[in-house]
Every structure is written in structure tokens, then in C-alpha cells.
Amino acid sequence: MKRLKVISVVMVLSMAILLIAGCAPAAEAPAEKLVFGLSNSWIGSEWRSQMLANFELACEELGIETVVEHADTDVPGQIAQINNLIAKGVDALIINPADIAALKPVMDEATAQGIVVIIIDAEIAGDDHVNVVINQKEWASISARWLVEKLGGEGDIVTIEGYLGHPANEFRMEGVAEVLAANSGINLVGEDTGLWDPATAQTVAANFIAANPGLDGIWTQDGMAEGTLLAVLASGLSYDEWPQVVCEARGSGLRSWQKVLDEHDDFECIAVINPPGCAYDAVYVANNLIMGKEIDAEKLGGQFGNTLYKPLTVIDKDNLADWMAEIADKADGYTIDKFMTSAEIDAWFK
């Protein structure tokens, strides 16, 4: 009993000393919540809206507060966005870049202040940040190679690209150019931009079809492939005169594909998924880095050596039915999406 009384006295005295010093012995103040910022310079597509929603979802799952700069703006405007986020004291920055060179100085300023910077949708050179993206060049090359194969390595084709100068577009068109250079029997007879807009792409495709009788193929990107298919359907050409097209990994795009297939059971197409889930994955990568985890250098790749590539997923005649079931309750504007699993993200780290 005496020993317990002595211990009790010591504990009381210890608590008194801690309280006098302004400390509580067992009730440390909770750490402040993390705050992640998103900078996005273009809001003209469902893909971008879904990307933003994915960013918010991942942050909600992790209990992270968000600050978003999401508006149509030019490169100086995006630099201002990033400066605003830095000034607000974010712990991590997720950036969908409008330019692969001009943003570098402001990104360096962020990392110099201890902010984790993750780039999505394009690759930017640098030792102090990480790109979490699909391989845009390979993304385009897959469908370009498929188109060449379907044409038997010969024929006249046209290409409809997205925004000229946008990083993702430039990487994609580089991939297409390499595929065409390796196949001398394919003649590129026209090039134009569809501005990543279905209606614009439909008009461009219709003009190409009218100006090039006997056109064999049309290659384009996501956001425009359904418009291209609709132009073919409206062209008045018989089925055996249709140019070969690529298809759209979106709700309405897959449904249009299926509708054609229902009428022509030998119709073939391809769609390579460009998942806006990259924003979701980037949040988890940033959180891991803030928690002290280290990326496995062997998992980094890309032309700058600082990129974590999400796996690419292809939709074709063999798995279209599975994906139609996947989007049964999704809106037409829904972009087919893929999130990395926890195990896949953890595999990027030591």
C-alpha cells in the first residue's frame, strides 16, 4: 500500500509540473489535416470534369482537404493558379499541365517550399516531381498500329488530332508519326484538328470523306472518335465503302459502336482507355510520399526518367460485351475509367 501511495504522489506531482509547463501528458494536439491542391487549365470536356471528381474522391477517402483552381485559362493563367495554391499552403499539388516547359519554374518554386508535386495527363522533365500518367505515345500507337493492320498495310488515311501544342496531343501524334513512318504503304492524305470536341471532329471527318473519295481510314483521339463514326454513318456511303475508323472509350461511344455491330456483325473497332482516374492515383502517390514512403527508382520510366505509368487497357471485339455491361448504368458522357488498386500503387514504392 505504501508503495502505491508513493507512486500516486509521484504521478500527481508529475502531472502538476506538466500542467504548469502548459503540457498535457496524454492528449497531444492532433496533427493538422493535409491540404491538396489541383491546378487544371481547361474545363471543356467531360474527361476534365471526371478527373476533378476523381481528385475529390481520393482526397475524401484519405481525409484530405482540397483547394481547386479549375478554369479555362492560358499558360500564364495556369502559372497564376499554381502560385495561388502555393500561397494557400497546400501540402501537395496535382497539376494537369497546359505546357511542358513554361510551368517548370513555378513547379520548382513549389518543390523548393516542400510541396509534393505530381503531374497528370502529360510528362514534364524534372528531378523534383513525379508524373503519374498513361504512356500517351503508346496510347496512340496502339490504335494506329491496329488501323494499319486492318488496312493490310496499304491505303489512304487522314488524322484528326486534339489541341495543337497540348502536351498529351504532341506525345500522341509523335506515336502516330512513328507508326506511319514504319509503314510506307499507308499514305497520309489529310491532317486537321477536332479540338477534342465530338461535333467539331464530326464536321472535320465529313469534310475529309467528301474530299477524298475512296478514303480507307480515319485515325483520331478520344473525345472525337464517336463524332468521326457518326460522320461515316451520315456519309451516304455503303457499308463496304466505309473508311476504317477507331472508336471511343466513353458511354455513348461504346453504345454507338454496339449499335453498328448489331447491324453489321463483322464491324471491328478499337478503343484505348485514357482514364481520368490518373487524378485519383496521383492523390494516393502524393499521400504516400508525404507519409515518408520512397518510390522504387526501378519503377520510374519515360523519356525523362521521372514517370510512373498506369497500365493501358484496350477495348476490342473480344471484350466489348464486358465493357457494355460495365457502363450499363453510366451516362453517355461517362469516360471509361480505371483506378489503380492499393496493391498496384504500393508496388511503385520500396
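**A colleague's note on sheet, rings and cysteines**

1. Let me start with a contact that is pleasant to look at: arginine 172 is placed over the face of tryptophan 139, 3.9 Å from the ring centre. Please keep in mind that this is a predicted model. A second charge-over-ring contact involves lysine 330, whose charged end sits over the ring of tyrosine 334 at 4.9 Å from its centre.

2. Now to the sheet. Four strands make up an open sheet in the order S7-S6-S8-S9, and the pairing is parallel. Strand S7 (186–193) and S9 are at the edges, each pairing on one side only. Between strand S6 (residues 155–161) and strand S8 (residues 217–220) there are four bridges, again in the parallel sense. If you want a register check, look at valine 158, which stands opposite isoleucine 218 in S8.

3. Which strands does helix H5 touch? Helix H5 (residues 136–150) packs on the sheet and touches S6, S7, S8 and S9, with its direction at about 175 degrees to that of S8. Helix H6 (residues 167–181) lies across S6, S7 and S8, and runs at about 170 degrees to S6.

4. On to the aromatic rings, where a search of the whole structure gives seven pairs. One of them brings together tryptophan 42 and tyrosine 163: the ring centres are 5.3 Å apart and the planes stand at 80 degrees, so this pair is edge-to-face. The two residues come from distant parts of the chain, 121 residues apart, with tryptophan 42 in the loop between strand S1 (35–40) and helix H2 (46–62) and tyrosine 163 in the loop between S6 and H6. Tryptophan 42 is buried at 16% relative accessible area, whereas tyrosine 163 is partly exposed at 33%. Trp42 and Tyr163 also belong to one aromatic cluster with Trp196.

5. Another edge-to-face pair is that of tryptophan 242 and phenylalanine 267, with 6.4 Å from centre to centre and 85 degrees between the planes. Tryptophan 242 is in the loop between helix H8 (225–233) and S9, and phenylalanine 267 is in the loop between H9 and S10, so the pair ties together parts 25 residues apart in sequence. Both residues count as buried: tryptophan 242 has a relative accessible area of 17%, and phenylalanine 267 has 8%.

6. How many disulfides does a search of the whole structure find? The search finds one, joining cysteine 247 to cysteine 269 with an S to S distance of 2.2 Å. The torsion about this S-S bond is about 100 degrees, so the disulfide is right-handed. Cysteine 247 lies in the loop between strand S9 (244–245) and helix H9 (251–263), and cysteine 269 lies in the loop between H9 and strand S10 (271–272), so the bond ties together parts 22 residues apart in sequence. Cysteine 247 is buried, at 9% relative accessible area, and cysteine 269 is buried too, at 2%.

7. Why is there no bond between cysteine 59 and cysteine 278? The sulfur of cysteine 278 has its closest cysteine sulfur in cysteine 59, and that one is 13 Å away, too far for a bond; a disulfide needs the two sulfur atoms within 2.5 Å. Cysteine 59 is in no disulfide and is buried, with a relative accessible area of 0%. Cysteine 278 is likewise buried, at 4%.

Note on methods: Residues numbered from 1 in each chain as written. Predicted model: local features only at pLDDT ≥ 70, side-chain atom pairs only at ≥ 80, totals over all residues. Heavy atoms only, no water. Buried < 20%, exposed > 50% of the residue type's maximum accessible area, 1.4 Å probe, protein only. Pairing = 2+ DSSP bridges. Contact = heavy atoms within 4.5 Å. Axes fitted to C-alpha atoms, helices over the stretch in contact; angles between N-to-C directions. Phe/Tyr/Trp six-rings, centres within 6.5 Å; stacked < 30°, edge-to-face > 60°. Lys NZ or Arg CZ within 6 Å of the ring centre and 35° of its normal.
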